[in-house]
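Work through the exercises below with the sequence and the 3D structure open. Try each task before reading its solution.

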Amino acid sequence: MITEPSVCVPTITVLVVGGTGETFAGDTRLEVSGLLRAVTDELDERFECRWVGYPASYGPTPRTRGISYERSVEVGVESLCRALAATSGRVMLIGYSQGAV
């Protein structure tokens, strides 16, 4: 019996950072949502996509309490750094709008 050699498909972790309003404080989702899902849905089996949550705020408004844009970006960077530290192997980063900052 002849068997095909096994093909090792490398896994590349894709960390996805959404834009303003697409994620929120305490967002623990791992499944990608928002506009970037249209991108990650087109990737093949080599890619494992993970959402990076953070309080994506442009700042407080008269009706809502929010954090400043600057603080929101800082927390987003902290969340992304934690996700990177928890990931081994090759990583790709994609972000949209504030998530690209």
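**Exercise 1. A charged residue without a partner**

Task: In this predicted model, decide whether E22 is buried or exposed, and find how far away the nearest side chain of opposite charge is.

Solution.
Step 1. Locate the residue: E22 sits in the loop between β1 (12-17) and α1 (37-40).
Step 2. Classify it: E22 is buried.
Step 3. Look for a charged partner. The nearest side chain of opposite charge belongs to R29, at 7.8 Å. A salt bridge needs a nitrogen and an oxygen within 4 Å, so E22 has no salt bridge.
Step 4. Look for polar partners instead. The side chain of E22 reaches the backbone nitrogen of G19 at 2.8 Å. A polar atom of the same E22 side chain lies 2.9 Å from the backbone nitrogen of L35.
Step 5. List the surroundings. Apart from neighbours within four places in sequence, E22 touches R29, G34, L35, W51 and Y96.

**Exercise 2. Salt bridges**

Task: State how many salt bridges the whole structure holds, and describe those that R71 forms with E74 and E78.

Solution.
Step 1. A search of the whole structure gives seven salt bridges.
Step 2. Take E74 and R71. Their side chains meet in a salt bridge, with 3.1 Å from N to O. Both residues belong to helix α2 (residues 69-85), and because they are three residues apart, about one helical turn separates them.
Step 3. Take E78 and R71. This pair also forms a salt bridge, with the closest N and O atoms 3.6 Å apart.
Step 4. Check the exposure of each residue. Partly exposed covers the range between under 20% (buried) and over 50% (exposed). R71 has a relative accessible area of 36%, so R71 is partly exposed. E74, at 35%, is partly exposed, and E78, at 36%, is partly exposed too.

**Exercise 3. A network**

Task: Which residues are linked with R37 in a network of salt bridges?

Solution.
Step 1. Start from one pair: D41 and R37 form a salt bridge whose closest N and O atoms are 3.5 Å apart.
Step 2. Extend the set: E31, R37 and D41 are linked in a network of salt bridges.
Step 3. Add the exposure of R37, which is partly exposed at 34% relative accessibility.

**Exercise 4. A surface patch and an unusual angle**

Task: Which residues form a nonpolar patch on the surface, and what is the phi of S97?

Solution.
Step 1. The patch consists of L84, V91 and L93, with about 220 Å² of accessible area together.
Step 2. Place one member: L93 lies in strand β3 (residues 90-95). With a relative accessible area of 46%, L93 is partly exposed.
Step 3. Move on to the segment after β3, where S97 is found. S97 has a positive phi of about 55°, although it is not a glycine. Its relative accessible area is 42%, so S97 is partly exposed.

**Exercise 5. The whole chain**

Task: What pattern do the helices and strands follow along the sequence, and what percentage of the residues is buried?

Solution.
Step 1. Count the elements: the protein chain has two helices and three strands.
Step 2. Read them in sequence order to obtain β-α-β-α-β.
Step 3. Of the 101 residues in the protein chain, 36% are buried.
Step 4. Turn to the surface: the chain exposes about 6,900 Å², and carbon and sulfur atoms supply 57% of that area.
Step 5. Consider contacts between residues at least 6 apart in sequence: 70% of them join residues at least 24 apart.

How values were computed. Residues are numbered from 1 along each chain as its sequence is written. This is a predicted model: local features need pLDDT of at least 70, side-chain atom pairs count only at pLDDT 80 or more; totals for chains, interfaces and linings use all residues. Side-chain values use heavy atoms; hydrogens and water are left out. Patches are made of residues with over 30% relative accessible area and no salt bridge: like charges are joined within 9 Å, nonpolar side chains (Val, Leu, Ile, Met, Phe, Trp, Tyr) within 5 Å. Accessible areas come from the Shrake-Rupley method with a 1.4 Å probe; for residues, only the protein chains shown count as cover. Helices (H or I, at least four residues) and strands (E, at least two) are DSSP runs, numbered from the N terminus. Buried means under 20% relative accessible area, exposed over 50%, partly exposed in between (1.4 Å probe, protein chains only). Lys and Arg count as positive and Asp and Glu as negative; His and the chain ends are not counted. A polar contact is a pair of N or O atoms within 3.5 Å; within protein, one must be able to donate a hydrogen and the other to accept it, and residues adjacent in sequence count only if both atoms are side-chain atoms. Contact means heavy atoms within 4.5 Å.
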